[in-house]
Amino acid sequence: MTTGCKTTTIFLSVLCALLLTILGLMQEWPSWAWAVLAVVVVGVPVAAFKIAEMRRGSLPADFTNFVPAAPIERREHHVSRVALPSHWPDYDFMFSATVRWHPLEARGDESVLNPAGLAVEAVLDRARALTEQREPGRASLIQHELSGALSRLRPDPSGHLQVMAENITLTLNEPDQERLAKLAEVRKDKAVWEHQRKYEQSKREYLGDDVLKDTGSAVVWWLAKNDNQI
């Protein structure tokens, strides 16, 4: 771009010099006029170059020394189907998520060679603290709890990173899900049976202790049931 400006300036200067020379010859200028013409033809381009250099020097450094930005470090890691304990022994949740982190200011000479490992460990610790207090039968509800609990950036235990997680999924293994369904069915059947047993027991007590306690009680009970057949 600078070379093009110089070429244009020189070309215009030569053109102007030729025109002025032709004009001087036609009008027979005196000798001192030719000396002035020579000074002008040489001085104008030099002055133009000087002004251009001064303007370039006043530009910000960002325009004169452009350096391409360094590539952005990838600060996320996906974990898939990590077993986390539930409140029931041997019933583990399967945890998957995208872990994200942001480095904190380095302390002294300490450096982190594997920030992804630190970030994943911090997220799993936070997730395990919640899942080990929950029963396995509500995986979808606990998934939403985890989404809220892990959506905030928090420092990891070492203090090097701020960590969060998103795109969280929490499931159970299919055999465990089938066992839970069977247990739920048994509990429902047991509840129905308990109600039936209590009803029959109450009915027997009513008949034995009240209705059939003596002949008079039985007759009164029969008449109450058959008041049209006295």
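**Aromatic pair, nonpolar core and surface patch**

Trp88 is partly exposed, with a relative accessible area of 27%, whereas Tyr91 is buried, at 13% (buried means under 20%, exposed over 50%, partly exposed in between; 1.4 Å probe, protein chains only). The model is predicted, so local features need pLDDT of at least 70 and side-chain atom pairs pLDDT 80 or more, while totals for chains, interfaces and linings use all residues. Residues are numbered from 1 along each chain as its sequence is written, and side-chain values use heavy atoms, without hydrogens and water.

The structure holds one aromatic pair (ring centres within 6.5 Å, with the six-membered ring taken for Trp; planes under 30 degrees apart are stacked, over 60 edge-to-face, the rest tilted). The rings of Trp88 and Tyr91 have centres 5.8 Å apart and planes at 80 degrees, so this pair is edge-to-face.

The largest nonpolar core (buried Ala, Val, Leu, Ile, Met, Phe, Trp, Tyr and Cys joined through side-chain atoms within 4.5 Å) has 27 residues, of which Phe95, Val99, Val123, Leu146, Leu150, Val163 and Ile168 touch the most other members. At least two residues each come from strands S1 (76-85), S2 (92-103) and S4 (161-172) and from helices H4 (115-131) and H5 (139-149) (DSSP runs numbered from the N terminus: helices H or I, at least four residues; strands E, at least two). H4 supplies the largest share, eight residues. Beyond four places in sequence, Ile168 touches Phe95, Ser96, Ala97, Gln143, Leu146, Ser147 and Leu150 (heavy atoms within 4.5 Å).

Tyr206, in helix H6 (residues 174-211), is partly exposed, with a relative accessible area of 41%.
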